[in-house]
Amino acid sequence: MTAIRLDGVSKVFEGEHLAVDDLSLDIADGEFLVLLGPSGCGKTTLLRMIAGLERVTAGDVWFGRTNGTQLAPRDRGVAMVFQTGALYPNRTVQENIMFPLQIAGQDDAAAGETAAGLADILSIGSVLDRMPRTLSGGQRQRVAIGRALVRRPDVFLLDEPLSNLDATMRTELRQEIGAMTRDLNVTTIYVTHDQVEALTLADRIAVMRDGRIEDVGTPTQVYNDPATAFVAGFLGTPRINLMAATVQVTAHHRVALDFGTQSIALPPTDRRSLILRHHDGARVIVGARSSAFSLVKDDDPANQLTGTLRAFEFHGQQSIAFVQCGIEIVDPDKVGRVVPAHAQQAADSVWSGPGARDRTASFVAKLRARFRPPTPPPAEPLSPPSHRRADLVLELPADADLPRGTRVHLALDTTQIHIFDHTGHRVDRINR
Ligand SMILES: Nc1ncnc2c1ncn2[C@@H]1O[C@H](COP(=O)(O)OP(=O)(O)OP(=O)(O)O)[C@@H](O)[C@H]1O
């Protein structure tokens, strides 16, 4: 068990590729932290820097009170499990799990007993004498986890350990990993791009994009109160509806959100009106999950949007409807993205020699200044590629069964909406 502090950690790969960008984060002793983000956002690189398998270009990695930035992997008290746990092919399951104990000088009998006990917890007690090639993918991952945990590491790192397993096995092993790490109270960092794994396993989730953390909080915090439009779009199925709108302040300081051809009003009791009434005319993005909408009758006084049902999908428990309302829908992957993650220009040689560490720190700063402007971009309307006229996606009861082309009236529950500025950052956050 140990706390971890990442202090301004950056990684620049040769070729000026800024993979992790000045990232700071505290992970508490015994916490289960999930690093969540799309492919290529720097999750694995960050994990490998914590493990000591990748050199840090700038910044520090602390284990408790020890600055571990320069420590060799074996001196960090960490154990890591990869996508496909690499096992020793010529050793049995038991021999694989007990091997780290033997290396540490424990006698064979005691090491074998510990390994067998751990194998029982991991539900592989019945295959102790089998060779890795005869195991299923799920069993192999269990052996890899057993071998990583057998020496009781201070820090347990897992890099997409379930990605090669089928759905049933994934759910089963996911629950076991959650239970086991909590029983052992080991500080755990778990990398995934699967939001279900993140939401179900994490004490806290750090959502990464382009080498940075966009939001960090408990699963309910990042889901219900996302910091950015990207985070809102990354979590939740169906994806949140992000609608381009203009703030309109009407008589008596009432605030409405104008979607072009239609608009909705915030009730005067909504505390966010107090913030938005100072932003008359501002372009914003309104985020509403599919569950924030409900079908209403034409004459219902609720805040209404009207559209045409374009498609209707039966999903078992509920149905998903696609409704054309003539509203501009914003793509969460594009909004707020200021930087190409890949800065493909020739690097001067800053990788070795005396003083390399200081030079690389200032090199990272220069690189960032070049690709991430220090001041936010001017308050322009949303850039065209990030939005287009598309459908609103909403959930309906499974038996709703409406014919295509039906004119529908949708009430929008404004207590469930989030409002972002044109760069994708929340403007209506009261506090977290
Ligand atoms: N050894 C390397 N040399 C150059 N670039 C690298 C190297 N390793 C990773 N990268 C790049 O750094 C960026 C971050 O990669 P990383 O593997 O950390 O992302 P990730 O979020 O873990 O993605 P995935 O989920 O696909 O594994 C990517 O653009 C990747 O191509």
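## Exercises: a helix pair and an open sheet

In this predicted model, V93, N96, I97, F99 and P100 of helix α2 meet V143, G146 and R147 of helix α4.

**Exercise 1.** Sort the residues of the α2–α4 contact by character.

*Solution.* Start from the two sides. α2 brings V93, N96, I97, F99 and P100; α4 brings V143, G146 and R147. Now apply the classes. Gly counts as polar and Arg as charged. The split is 5 nonpolar, 2 polar and 1 charged.

**Exercise 2.** Describe how α2 and α4 are oriented: roughly parallel or roughly antiparallel?

*Solution.* Two packed helices are described by the angle and the distance between their axes. Take the stretches: α2 covers residues 93–103, and α4 covers residues 137–149. Their axes come within 7 Å. They cross at roughly 25 degrees. Angles under 35 degrees count as roughly parallel. Therefore α2 is roughly parallel to α4. Add the hand: α2 passes α4 in a right-handed crossing.

**Exercise 3.** Lay out the open sheet and identify its edge strands.

*Solution.* Write down the order of the 6 strands: β6-β7-β8-β3-β9-β10. The pairing is mixed. Next, look for strands that pair on one side only. These are β6 (78–81) and β10 (212–217), the edges. Finish with the twist, which averages 20 degrees from one strand to the next.

**Exercise 4.** How many bridges join β7 to β8, and which residue is the bridge partner of D159?

*Solution.* Locate the strands: β7 spans residues 155–159, and β8 spans residues 187–192. The two run parallel. They are joined by 5 bridges. For D159, the partner in β8 is V191.

Conventions:
Residues numbered from 1 in each chain as written. Predicted model: local features only at pLDDT ≥ 70, side-chain atom pairs only at ≥ 80, totals over all residues. Axes fitted to C-alpha atoms, helices over the stretch in contact; angles between N-to-C directions. Helix = DSSP H or I, 4+ residues; strand = E, 2+ residues; numbered from the N terminus. Parallel < 35°, antiparallel > 145°, perpendicular 65-115°, else oblique. Left-handed = near helix turned anticlockwise from the far one by under 90°. Contact = placed C-beta atoms within 7 Å. Pairing = 2+ DSSP bridges.
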